[in-house]
Protein chains: 2
Amino acid sequence: MKMLDCSALSALVLMLPFAVLRAADAAKDGRPAGKVVLVLHGGAGDLPGQKVPPEVDKQYRDVMEKALRAGHAALRREKGTGLDAVEAAIRVLEDSPLFNAGKGAVFTHDGRNELDASIMDGATLACGAVTGVRTVRHPIALARAVMERTPHILLAGQGAEDFATEVGLERVDNEWFSTEKRRQQLQRALEAREKASGGGTVGAVVLDRQGHLAAATSTGGMTAKRPGRVGDTPLIGAGNYADDRTCAVSGTGTGEEFIRHGTARAIADRMEFSGLSAGEAARDVFEHVMAPGDGGAIVVSSGGELALVFTSEGMFRGAADADGRFEVAIWDD
Amino acid sequence: MKMLDCSALSALVLMLPFAVLRAADAAKDGRPAGKVVLVLHGGAGDLPGQKVPPEVDKQYRDVMEKALRAGHAALRREKGTGLDAVEAAIRVLEDSPLFNAGKGAVFTHDGRNELDASIMDGATLACGAVTGVRTVRHPIALARAVMERTPHILLAGQGAEDFATEVGLERVDNEWFSTEKRRQQLQRALEAREKASGGGTVGAVVLDRQGHLAAATSTGGMTAKRPGRVGDTPLIGAGNYADDRTCAVSGTGTGEEFIRHGTARAIADRMEFSGLSAGEAARDVFEHVMAPGDGGAIVVSSGGELALVFTSEGMFRGAADADGRFEVAIWDD
């Protein structure tokens with residue numbers, strides 16, 4: 001298992017010049033203002049291998065940087081919230097064919113794309129999620145609409161699609177999500193030449209200027225999944241969680257293990273009940289609760305501590321903060 | 001909030017003569033053998049009022065007794081497990097038109113029945129669940145099949161229906177689930193004459209002869225819900241949970257609050273991290289995390305402690321154990 005904190009991350013990454021977030025506005029509610037952290041991941045289990053050509057490596061880094069920039073920009077707006085930032089970042093990753101979310105999602109067993117996403121506001125514990133979405137370009141936007149415009153938290157399948165029509169979100173043909181790479185992956189999985197993988201899920205966690213946490217996660221699930229299979233991504237406390245009292249978490253990996261163990265919530269629990277730091281809590285869960293290879297997570301605490309855990313060879317990730325950090329990384333060496 | 005322990009329950013209930021569970025077989029793994037507890041609920045928010053005619057009161061008690069007897073019988077079989085017991089009990093309640101599960105489920109906004117269920121094995125943390133089921137007579141049996149025959153945990157909508165076809169479970173027309181009482185409830189909810197309620201969910205928790213815990217929950221969700229809405233019942237850690245290290249929990253009430261707070265898991269957490277008893281943990285969660293009116297839960301600990309919490313006027317419930325208890329109750333007076 002690799003466990004990275006902020007300083008370790010910065011040892012690994014491309015350092016990019018970028019405007020420093022302005023965090024001068026003091027929070028009104030007495031929370032420590034100014035510390036702003038935005039962290040993204042693009043999955044842990046779906047890396048093309050360390051020996052990818054430099055141009056492919058660069059494609060991944062470029063998209064991650066673009067997503068980080070979008071989230072960063074949302075945070076810098078006068079009324080920009082953490083929710084705005086995580087949604088903006090995830091939308092960019094959903095549009096990229098490189099990750100298993102939105103365009104480029106993995107295929108179900110019957111050769112279609114079914115998308116899951118969720119979003120959570122750590123200040124209020126408001127949350128929204130969707131599963132089995134087939135024609136909504138940005139599932140994360142639909143999850144946010146469920147949170148803000150319905151009394152419900154999770155909508156599935158046709159009900160989620162019909163709700164997207166009501167709220168007027170952008171629609172695409174199911175075919176829009178498909179890529180040749182994922183078709184081949186499905187073929188290999190169906191021929192049992194490759195283990196079905198849930199890698200490439202994307203996620204974002206943030207601590208905003210007001211001291212509030214938010215988390216968002218989006219995925220196509222696992223290759224060759226049964227139609228209708230719901231993974232951990234849209235399940236609050238499994239693959240996504242945010243609570244201002246503890247932390248915001250976005251996970252990626254074997255969804256069923258994240259559901260069984262309530263992984264995101266298990267990290268928050270260790271901070272709430274045992275007083276562990278975000279890093280200690282994440283490490284404890286991935287060392288003692290999850291099995292090797294189950295996946296990883298990004299965590300930001302209410303105090304601004306950042307932790308990334310992954311058990312795979314690498315994890316696509318990016319981080320930005322108010323002190324001028326703006327970095328993306330893939331490998332841990 | 002009402003909080004009942006075993007002795008309080010026995011002060012309230014119909015005492016029924018029944019064969020004592022034989023618990024002589026010692027467990028092989030060193031767990032304390034012999035203490036066997038089976039507890040059922042039929043929802044907290046859906047009571048017809050204390051002044052129901054005696055014959056209606058008797059109908060509810062009769063069904064609860066029949067379910068308790070079915071679970072009890074499963075436990076008494078030589079190889080009967082806790083999973084067998086909770087499934088057997090829930091099947092009876094799903095067939096009864098009196099509860100909001102299977103036949104007698106509440107209607108969605110568009111006048112159909114969509115059923116959710118989940119089951120969990122505390123020994124292995126294996127779990128299975130379904131949501132949006134429309135033609136499977138016993139959703140709890142389908143949840144168990146997902147657990148035992150797929151690599152997944154939760155299947156939704158058509159994918160769940162197709163899986164039911166594969167495994168050959170009994171099917172019915174969607175109309176089979178509908179009752180006049182629920183049609184009228186939907187009408188009143190649509191006319192805003194009645195708050196949409198999630199009451200009448202059914203659940204079962206058990207400590208079996210081998211010292212293993214199991215939990216099962218089944219529901220039609222909330223009246224006038226959006227099609228595709230997923231409540232807490234099929235979400236592991238929200239409305240249903242079992243872990244031999246702590247407890248088995250089945251909840252009933254406002255599903256979205258159970259999801260947001262991970263209520264079932266929150267009870268287990270307080271036992272794991274704070275060393276609270278099942279009763280203390282359940283009380284703490286319903287007093288300090290959930291709001292009044294959010295619902296209730298039944299809990300059995302790995303040591304055989306039983307707790308029932310509800311914030312409504314009453315909760316349909318029944319309990320049986322190896323010491324000869326076999327009782328059903330509704331009101332708390």
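Here are legends for three close-up views of this predicted model.

Residues are numbered from 1 along each chain as its sequence is written, and chains are lettered from A in the order in which they are written. Local features need pLDDT of at least 70, side-chain atom pairs count only at pLDDT 80 or more, and totals for chains, interfaces and linings use all residues.

**View 1. Two copies related by a rotation.** Chain B superposes on chain A after a rotation of 180 degrees with 0.0 Å of shift along the axis, at an RMSD of 0.0 Å (least squares on the C-alpha atoms of residues with pLDDT of at least 70 in both copies). The two copies are thus related as by a two-fold rotation axis. Among the residues of chain B, Phe273(B) comes closest to that axis, its C-alpha lying at 3.0 Å. Both copies use the same surface: 100% of the contact residues of chain B recur in chain A (contact means heavy atoms within 4.5 Å).

**View 2. Helices α3(B) and α4(B) meet.** Look for α3 (residues 82–95) and α4 (residues 139–149) of chain B, whose axes come within 8 Å and cross at roughly 150 degrees (helices are DSSP runs, H or I, of at least four residues; axes are lines fitted to C-alpha atoms over the stretch in contact, with angles from 0 to 180 degrees between N-to-C directions). That makes α3(B) roughly antiparallel to α4(B) (angles over 145 degrees).

**View 3. Residues where the helices touch.** From α3(B) come residues including Leu83(B), Ile90(B) and Arg91(B), which meet α4(B) residues, among them Pro139(B), Arg144(B) and Met147(B).

Methods. Heavy atoms only, no water. Helix = DSSP H or I, 4+ residues; strand = E, 2+ residues; numbered from the N terminus. Parallel < 35°, antiparallel > 145°, perpendicular 65-115°, else oblique.
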